[in-house]
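Grab a pencil and get ready to explore. Have a look at the sequence and the structure below, then try each exercise before reading its solution.

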Amino acid sequence: YVVAGTSEQAPYTFDFGKYNIDIIEEEGKVYMPLSSANLLVETTYEGALYYDGDIYFTETYSPYTWINQEKLLDDTAMDASLIELNYNELCFMMDNIYGRPEKCYFSEAIARDGFDKALETYDDTTRTIRELLKSNNVLEYYYGLRLLELYLEDGGHSSPASGYTGLMQEYDDSNVSKEYAKLNKEHDKGKIINNATIANAMNLYDSTKNKDWYKQRTKYISLYPIIATARHQALNQYSKQKSWDEGNITLYSNNDTLILSFDQFSPDVFEPMMWTLNYANGHNIKNLVIDVTHNGGGSLSTLVWLINVLTSQKTAPGTSALTGNKLSIQALVDKNLDEEYDDTWDNDNYIGNLKLAILTSGISYSCANILPTVLHDNKIPVLGERSNGGTCDLIFHLNPYGVPIQVSGQNTFTNNNYERIDDGVPLDYTLVRENASSVSDYLPLYDISTIKKDMNDYYSRH
C-alpha cells in the first residue's frame, strides 16, 4: 500500500544539525550515520543496520529473528562511542516523527517543549528517564525505555522497550538476559540490588504503575479477560458454523444471522472472510455481524483489504500529525483471493442484500477502531461499547545498535471528514452500560436478538 497526499502539501524541514547529528559532504558525496538515515524512511518498516562488520537491509520490527544479534547482549556495557548519537536520534524521532497521540498525556509536553526539555522539566521521574537513556549500561538504558513506555501509554502503540525485551527473549541464555532475570528475582524478593541506579529505576517503575493517572489510562487492560469470558459464554449458545485455528477466528450462526469473530487484523482473516461471504450468499443469510470486541488491532494491509471488501470505499483517510497534510492510504487489493489485483469489483456480487454491522468494545483498538469508523461512514451500523481509539501508524526506529524502538507514528487515521477518532467511534446502538466492569455487564453485547432488532431498525431508516 502507499500513503498519498490528497491536497496541497505543507512542507516540513528535518534539521539534523539541531540534534548534533552530522551530515558530511566530501567530494560531491553526502555521508550521514546509517541509523540516522533510517529516520527518513521509518514509515516503510524497512531500514538498514550495521552489525558485526556487515550492513543489512531488513524489516525494522524484529531483525533479531533472522540476524544473529546475540553479541549485543554479551556484556552490559554498550559501545560508548554511540551513546550520544543514540540519545540524539531518539530526540529527533520523538520531535519529528512521533505521532503525539491524544491518548498519551505526555505527548502535549513533547509537542510544546521538545522531547529532551520535556524529560528534563516535567517531573523527577522523567529526569531519571533522561539520565537512564544516556547510560552506557544496557540494563540501565533498558529501564529508561521501560519507564518512558509508561509515560507514552497510548493504548498499545508506543512500546519503546519492546525491541530490547524481544532481544533478551530471543537470546535468553546471554549474559545480559541472565543478569536481568537475576535482578528481577532479587527485586521481587525485596533483596538489596547492588546497582543502585537500576534499583531506583525498578522502584520508580513500580510506583509509577500505581499512580492514579496511569491506572486511569490503563483500566482497559482489565477488560480483556472479562470480555473474553462474556463472549465465550454468550456466543457458545449459538451454532459454531466454522472455525479457523490460524488467527483464532470463529463464525457463529443463529438462523439468518452470522457473527464472524476475530481477535487480530492479520492475513489469517482473508480466507475466513471470503468463506463467510460465500456461505452467506448460498444460505439465505440476511445479517452479517463483524465482531472486533476482543481485538487490539494489527496489520494495516489487512485493514485496507477489509475496507475494500466490505464497502465501496478504496482508501483509508488520515492526516499527518506534524504538518496537518491530508493523507489517503491506498492499496492494490486482491479482493477475491484469485491471486490477481482487482482494479474494479462490484461489492454487490458478494454483499448483495446482506445487512452488515460491526460490534465494538472498550478494548477495540487501532485497526479495530479504524474499521468501524470507515464502516460507520459507509452507513453500516456500529453496535456495542465505544471503542478504545488508537489512530496512529507505528514506527520502529533501528537505533545505532540495531535494535528497534517502537512508538506511534505521525500518520494518523481519521474519519472520512478528516476528523479525529482517538476517543473511539460513535455508536449507533449502545449494548453495554456505562462503566461496565463484570462479565454480566458484557453479556448483552452478544445478544443476537437485540443485535437483529437494532440492525432492522437502522436499515429501516437508512
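Here are four short exercises on this predicted model, each with a worked solution.

**Exercise 1.** Work out how the rings of Phe-106 and Tyr-151 are arranged.

*Solution.* Two numbers help here, since a pair of aromatic rings is described by the distance of the centres and the angle of the planes.
- Start with the distance: the ring centres of Phe-106 and Tyr-151 are 5.6 Å apart, and rings pair if their centres lie within 6.5 Å.
- Then take the angle: the planes stand at 75 degrees, so the pair is edge-to-face.
- Now place the partners: Phe-106 is in the loop between α2 (83-96) and α3 (107-113), while Tyr-151 belongs to helix α6 (residues 138-151), 45 residues apart.
- Check the surroundings: Phe-106 is buried at a relative accessible area of 0%, and Tyr-151 is buried at 0% too.
- Finally, look for company: Phe-106 and Tyr-151 are part of one aromatic cluster that includes Tyr-105, Tyr-122, Trp-213 and Tyr-214.

**Exercise 2.** Decide whether strand β9 (residues 287-291) is enclosed or open, and find the strands it pairs with.

*Solution.*
- Count first: five of the five residues of β9 are buried, so the strand is largely enclosed by the rest of the structure.
- Next, go face by face: Asn-287, Val-289 and Asp-291 are buried on one side, and Leu-288 and Ile-290 are buried on the other.
- One partner is strand β8 (residues 257-261), which pairs with β9 in the parallel sense over five bridges. Here Leu-258 has Leu-288 as its bridge partner.
- Another partner is strand β12 (residues 355-360), also parallel to β9 and also with five bridges. Asp-291 stands opposite Leu-359 there.
- To finish, β8, helix α12 (residues 270-282) and β9 make a right-handed β-α-β unit.

**Exercise 3.** Say which parts of the chain the salt bridge between Arg-130 and Asp-116 ties together.

*Solution.*
- The side chains of Arg-130 and Asp-116 meet at 2.7 Å, N to O.
- Arg-130 sits in helix α5 (residues 124-132) and Asp-116 in helix α4 (residues 115-121), so the bridge ties together parts 14 residues apart in sequence.
- Compare exposure: Arg-130 is buried at 15%, whereas Asp-116 is partly exposed at 24%.

**Exercise 4.** Find the ring that the charged end of Arg-146 sits over, and the ring that Lys-242 lies over.

*Solution.*
- Arg-146 has its charged end over the ring of Tyr-205, 4.2 Å from the centre.
- Lys-242 lies over the face of Trp-275, 5.5 Å from the ring centre.

Methods:
Residues are numbered from 1 along each chain as its sequence is written. This is a predicted model: local features need pLDDT of at least 70, side-chain atom pairs count only at pLDDT 80 or more; totals for chains, interfaces and linings use all residues. Side-chain values use heavy atoms; hydrogens and water are left out. Rings of Phe, Tyr and Trp (its six-membered ring) pair if their centres lie within 6.5 Å; planes under 30 degrees apart count as stacked, over 60 as edge-to-face and the rest as tilted. Helices (H or I, at least four residues) and strands (E, at least two) are DSSP runs, numbered from the N terminus. Buried means under 20% relative accessible area, exposed over 50%, partly exposed in between (1.4 Å probe, protein chains only). A charge sits over a ring if NZ of Lys or CZ of Arg is within 6 Å of the ring centre and within 35 degrees of the ring normal. Two strands pair if DSSP finds at least two bridges between them. A crossover is right-handed if, with the strands pointing away from the viewer, the path from the first strand over the helix to the second runs clockwise. A salt bridge is a side-chain nitrogen of Lys or Arg within 4 Å of a carboxyl oxygen of Asp or Glu.
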